[in-house]
Amino acid sequence: MTEYSTGEHVDSSINVHIVPRLGSRKLNSVTPIVVERFLDELESDGVGRGNQVNIFRTLKAVLRDAYGKGAMADDPVKGIQEPEYVREKVVIPSLVYVKKALAVADEYLALEIVMMVGCGLRNGEARAVNVNNVVADDVYRVAEQIHSKQHKPAKRKHRKAGGVREVRV
């Protein structure tokens, strides 16, 4: 099973966002104003707030480590406020909406919709549904998910290795 680990998220933050914007700078030239401009650029480039938070935390860890080891005279993130991430309100679709979606969905998407609506599966969990996880006539064991971007099996979030949950079908 392929995992998309925290390490890969950190690597992405560094290689996709931090190095292209700050990589040519000398460490001692990174000041709070430079960090604030960096955050402004993320915002203007349309990087989502959740990603901004993660990217900032990675940058902050790198800069604080450099500062702590004496590579920088001043703390470049002192006084910088972390971007605020506010979750969007969850909207539960109406039965009418679900029926319309099922009417136009192909058989694969229809199965995902039914498993999400009827069993409370998350998107990636519904994409991974298969007969091998049916453990009784009325019980489905949620043991895996499909990664939304890599389209491969992925580790389920907030679960220990081998952790499963069972839902009534």
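**Exercise 1. Identify the residues that line the second largest pocket of this predicted model, and classify them.**

Solution. The lining of the second largest pocket consists of Val-90, Ile-92, Pro-93, Tyr-97, Val-98, Ala-101, Ile-113, Met-116, Val-117, Leu-121, Arg-122 and Asn-123. Sorted by class, this lining holds 10 nonpolar residues, one polar and one charged. As to secondary structure, at least two lining residues come from H4, and at least two from H5. The space in this pocket amounts to about 390 Å³.

**Exercise 2. Locate Val-90 and decide whether Val-90 is buried or exposed.**

Solution. Val-90 belongs to the loop between H3 and H4. Its relative accessible area is 69%; the cut-off for exposed is over 50%, so Val-90 is exposed. Val-90 also appears in the lining of the second largest pocket. With respect to Glu-41, which is 49 residues away along the chain, the C-alpha separation is 28 Å.

**Exercise 3. Test the length of helix H5 against its expected span, then describe its burial and its two ends.**

Solution. Helix H5 covers residues 107–119, which makes 13 residues. At 1.5 Å a residue the expected span is 18 Å, and the end C-alpha atoms lie 17 Å apart, so the two values agree.

Next, burial: Ala-110, Glu-112, Ile-113, Met-115 and Cys-119 are the buried residues of H5. Their cover includes helix H4 (95–104), helix H6 (123–127), strand S2 (139–142) and strand S5 (165–168). Ile-113 is one of these buried residues and is also one of the residues lining the second largest pocket.

Finally, the ends. At the start of H5, the backbone nitrogen of Tyr-108 has a side-chain oxygen of Asp-106 within 3.1 Å. After H5 comes Gly-120, with a positive phi near 75 degrees.

**Exercise 4. Carry out the length check for helix H3, and list its buried residues.**

Solution. Helix H3 has 20 residues, 49–68, for which 1.5 Å a residue gives an expected span of 28 Å; the end C-alpha atoms are 28 Å apart, so the values agree. The buried residues of H3 are Gln-52, Val-53, Ile-55, Phe-56, Thr-58, Leu-59, Leu-63 and Ala-66. H3 is followed by Gly-70, where phi is positive and near 85 degrees.

**Exercise 5. Determine which residues His-17 and Val-30 touch, leaving aside residues up to four places away in sequence.**

Solution. His-17 is part of helix H1 (residues 6–22). Its relative accessibility is 16%, so His-17 counts as buried. Its contacts are Ser-12, Phe-38, Leu-42, Val-47 and Ile-55; Ile-55 is among the buried residues of H3. Within H1, the His-17 side chain forms a polar contact of 3.4 Å with the side chain of Arg-21.

Val-30 sits in the loop between H1 and helix H2 (32–44). Its relative accessible area of 8% means that Val-30 is buried. Val-30 touches Arg-25, Val-35, Leu-63, Met-72 and Pro-76, and of these Leu-63 is a buried residue of H3. The C-alpha atom of Val-30 is 9.1 Å from that of Val-77, although 47 residues separate the two along the chain.

**Exercise 6. State the sign of phi at His-151, and describe the setting of this residue.**

Solution. Most residues other than glycine have a negative phi. His-151, which is not glycine, has a positive phi, near 55 degrees. His-151 is placed in the loop between strand S3 (145–146) and strand S4 (153–154). With 60% relative accessibility, His-151 counts as exposed.

How values were computed. Residues are numbered from 1 along each chain as its sequence is written. This is a predicted model: local features need pLDDT of at least 70, side-chain atom pairs count only at pLDDT 80 or more; totals for chains, interfaces and linings use all residues. Side-chain values use heavy atoms; hydrogens and water are left out. Helices (H or I, at least four residues) and strands (E, at least two) are DSSP runs, numbered from the N terminus. The expected span of a helix is 1.5 Å times one less than its number of residues. Buried means under 20% relative accessible area, exposed over 50%, partly exposed in between (1.4 Å probe, protein chains only). Contact means heavy atoms within 4.5 Å. A polar contact is a pair of N or O atoms within 3.5 Å; within protein, one must be able to donate a hydrogen and the other to accept it, and residues adjacent in sequence count only if both atoms are side-chain atoms. On a 1 Å grid over the protein atoms alone, a cavity is a set of points where a 1.4 Å probe fits but cannot get out, and a pocket is an open set with protein on both sides within 12 Å along at least five of seven lines; lining residues have an atom within 4 Å of a point. Grid points are joined across faces, edges and corners, and a volume is the space filled by probe spheres set on the points. Ala, Val, Leu, Ile, Met, Phe, Trp, Tyr, Cys and Pro count as nonpolar, Asp, Glu, Lys and Arg as charged, and the others, Gly among them, as polar.
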